[in-house]
Amino acid sequence: MTVFHFFNCAILTFGPHAVYYSATPLSEYDTIGTSVKAATVYLGTALVKLVCLATFLKVPENDSFDPYQELLKALIGFIDVAGLYFALTQLTHRNISQNHKFQAVGLGWAFADSVLHRLAPLWVRARGLEFTWEYILQGLEANANLVLTISLAALGSLMWLRKNKPRALVPIIYACAGILATMPSITSWQLFSACQKPSA
């Protein structure tokens, strides 16, 4: 039964990536190479982010909200944007359209994120003797991250690859990209604010 639970959670976590690849024209245009290159760029940016987080952020002594630390976290979050920029503009892609390019890069980026953050906990703990909802929620989080990453890649494609952007949309595109890049700091601030409210 534990192996069955592990396989269910693994399919929920990694299955939507395969479904997205086979259900869209990505499989027809053979964009797996682009996705693998984007996954490699993600691993590099994750390493750079890890080094920056370990170097510049201090371990908080209490659960207080430190705006300086959160600003540093948000700035380090823009390393993902820089990595996506590199993956979209600097990597050589086969003759695929702009629509397929951002989808392939977003899919590879999201799959690498899921493997890096979710495979080891699934393998080690989801095969335990007792059932827990944690890994099902982790699979749902991977699905939401897939949508978020493809959305960020689409915004990057609009910002960096499209030449004839409507001028009215340019500030909206950059604002959305900034919000997506600073999402961890925004959620951290919201969690801190929710914990500080006195219970009635």
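This tour moves through four helices of the structure, from H2 to H5, and indicates what to select at each stop. The model is predicted.

**First stop: helix H2**

Select residues 32-56, which form helix H2. The helix has 25 residues and reaches 36 Å from its first C-alpha to its last, close to the 36 Å expected at 1.5 Å a residue.

Next, display the side chains of Thr 34, Ser 35, Ala 38, Ala 39, Val 41, Tyr 42, Thr 45, Ala 46 and Cys 52; these residues of H2 are buried. An α-helix has 3.6 residues a turn, so residues three or four places apart point the same way. Against which helices do the buried residues of H2 pack? They pack against helix H3, residues 67-89, and helix H4, residues 98-125.

**Second stop: H3 with H4**

Two packed helices are described by the angle between their axes and the distance between the axes. Select H3 and H4 together: their axes come within 10 Å and cross at roughly 135°. H3 is therefore oblique to H4. The crossing of the two helices is right-handed.

To see the contact, select Asp 80, Gly 83, Leu 84, Ala 87 and Leu 88 on H3, then Lys 101, Phe 102, Val 105 and Trp 109 on H4. Classed by residue type, this contact of H3 with H4 comprises six nonpolar, one polar and two charged residues.

**Third stop: H4 with H5**

Keep H4 selected and add helix H5, residues 134-160. The axes of H4 and H5 lie 8 Å apart, and the helices pack at an angle of about 155°. Because of this angle, H4 is roughly antiparallel to H5. Here too the crossing of H4 past H5 is right-handed. The contact of H4 with H5 has 12 nonpolar, eight polar and five charged residues.

**Last stop: H3 with H5**

Finally, hide H4 and view H3 beside H5. At what angle do H3 and H5 pack? The angle is about 65°, and the axes are 10 Å apart. H3 passes H5 in a right-handed crossing.

On the H3 side, the residues to select are Val 81, Leu 84, Tyr 85, Leu 88 and Thr 89. On the H5 side, they are Leu 152, Ala 153, Gly 156, Ser 157 and Trp 160. This contact of H3 with H5 has seven nonpolar and three polar residues, and no charged residues.

Before leaving, select Leu 84 and Leu 88 of H3 once more: they take part in the contact with H4 and also in the contact with H5.

Key: Residues are numbered from 1 along each chain as its sequence is written. This is a predicted model: local features need pLDDT of at least 70, side-chain atom pairs count only at pLDDT 80 or more; totals for chains, interfaces and linings use all residues. Side-chain values use heavy atoms; hydrogens and water are left out. Helices (H or I, at least four residues) and strands (E, at least two) are DSSP runs, numbered from the N terminus. The expected span of a helix is 1.5 Å times one less than its number of residues. Buried means under 20% relative accessible area, exposed over 50%, partly exposed in between (1.4 Å probe, protein chains only). Contact means heavy atoms within 4.5 Å. Axes are lines fitted to C-alpha atoms, for helices over the stretch in contact, and angles run from 0 to 180 degrees between N-to-C directions. Angles under 35 degrees count as roughly parallel, over 145 as roughly antiparallel, 65 to 115 as roughly perpendicular and the rest as oblique. A crossing is left-handed if the near helix is turned anticlockwise from the far one by less than a right angle, and right-handed if clockwise. Ala, Val, Leu, Ile, Met, Phe, Trp, Tyr, Cys and Pro count as nonpolar, Asp, Glu, Lys and Arg as charged, and the others, Gly among them, as polar.
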